[in-house]
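Work through the following exercises with the sequence and the model side by side. Try each task before reading its solution.

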Amino acid sequence: MASNLEKRALEPQGLQANDQDEKYADESSAPSAQPSPPNEAEDSLPNDEETTYPEGGFQAWLVVLGAFCGTAASIGLYNTSGMFEAYMSTQLLPNESTSKVGWIFGIYAFVTWFLGVQVGPTFDAMGPTKLMLAGSVCTLGGILALSACTGE
């Protein structure tokens, strides 16, 4: 036969505020501030069992594909900066040293990798809408600033 304490443990937890006082009026059923000792039978896993993880299916593989495409595009664009640097050094800025032209792409690389670290947590916290808005504004600002450049 189940004791009164065991019956209370099996009851649903949707208690009203008035029921709380009655439930814990008896000290034997009050919650303890001391943690209960761990049960060794529950904590140890048999050595012959492997931990398995759930398969995400088609949607999980779409996430992997999307991450690969995004990474390939951004790394590919970053890797082409060497070609742009060579072109700018010989055609657009022939009077400047290659070390001065290299600063342009050095700053580009720093901004790409430094801001990339902050984008992930920002995306998780705010979602894609605000990041797309910020990216669109920055891209538009860059295009407008480029239009003000002169050939001198």
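Accessible areas come from the Shrake-Rupley method with a 1.4 Å probe, and for residues only the protein chains shown count as cover. This is a predicted model, in which local features need pLDDT of at least 70 and side-chain atom pairs count only at pLDDT 80 or more, while totals for chains, interfaces and linings use all residues. Residues are numbered from 1 along each chain as its sequence is written, and side-chain values use heavy atoms, with hydrogens and water left out.

**Exercise 1. Describe the protein as a whole.**

Begin with the secondary structure, where helices (H or I, at least four residues) and strands (E, at least two) are DSSP runs numbered from the N terminus. The protein has 7 helices and 0 strands, and along the sequence this gives the pattern α-α-α-α-α-α-α.

Turn next to the surface: the accessible surface of the protein is about 13,500 Å², and carbon and sulfur atoms account for 63% of it. For single residues, buried means under 20% relative accessible area, exposed over 50%, and partly exposed in between (1.4 Å probe, protein chains only). By this rule, 6% of the 152 residues are buried.

**Exercise 2. Compare the expected span of helix α7 with the model, and decide whether the helix is covered or open.**

The expected span of a helix is 1.5 Å times one less than its number of residues. Helix α7 covers residues 128-147, and its 20 residues should therefore span 28 Å; the end C-alpha atoms are 28 Å apart, which agrees. For the second part, count the buried residues: the number is 0 of the 20, so α7 lies largely in the open.

**Exercise 3. Find the aromatic pair and classify it.**

A pair of aromatic rings is described by the distance of the centres and the angle of the planes. Rings of Phe, Tyr and Trp (its six-membered ring) pair if their centres lie within 6.5 Å; planes under 30 degrees apart count as stacked, over 60 as edge-to-face and the rest as tilted. The whole structure holds 1 aromatic pair. The ring centres of F110 and F114 are 5.2 Å apart and the planes meet at 10 degrees, so the pair is stacked.

Now place these residues: F110 belongs to helix α6 (residues 98-126), and F110 and F114 both lie in that helix, 4 residues apart, about one turn. F110 is exposed at 52% relative accessible area, whereas F114 is partly exposed at 45%.

Both also belong to a nonpolar surface patch of about 660 Å², made by W103, I107, F110, V111, F114 and L115. Patches are made of residues with over 30% relative accessible area and no salt bridge, like charges being joined within 9 Å and nonpolar side chains (Val, Leu, Ile, Met, Phe, Trp, Tyr) within 5 Å.

**Exercise 4. Search for salt bridges and disulfides.**

Side chains of opposite charge can pair when their charged atoms come close. A salt bridge is a side-chain nitrogen of Lys or Arg within 4 Å of a carboxyl oxygen of Asp or Glu. The structure contains 1 salt bridge, which joins K100 to E96, with the closest N and O atoms 3.8 Å apart. K100 is exposed at 55% relative accessibility, while E96 is partly exposed at 37%.

A disulfide is a pair of cysteine sulfur atoms within 2.5 Å, and the search of the whole structure finds 0. As for the cysteines C69 and C138, C69 is partly exposed at 44% and C138 is exposed at 59%.
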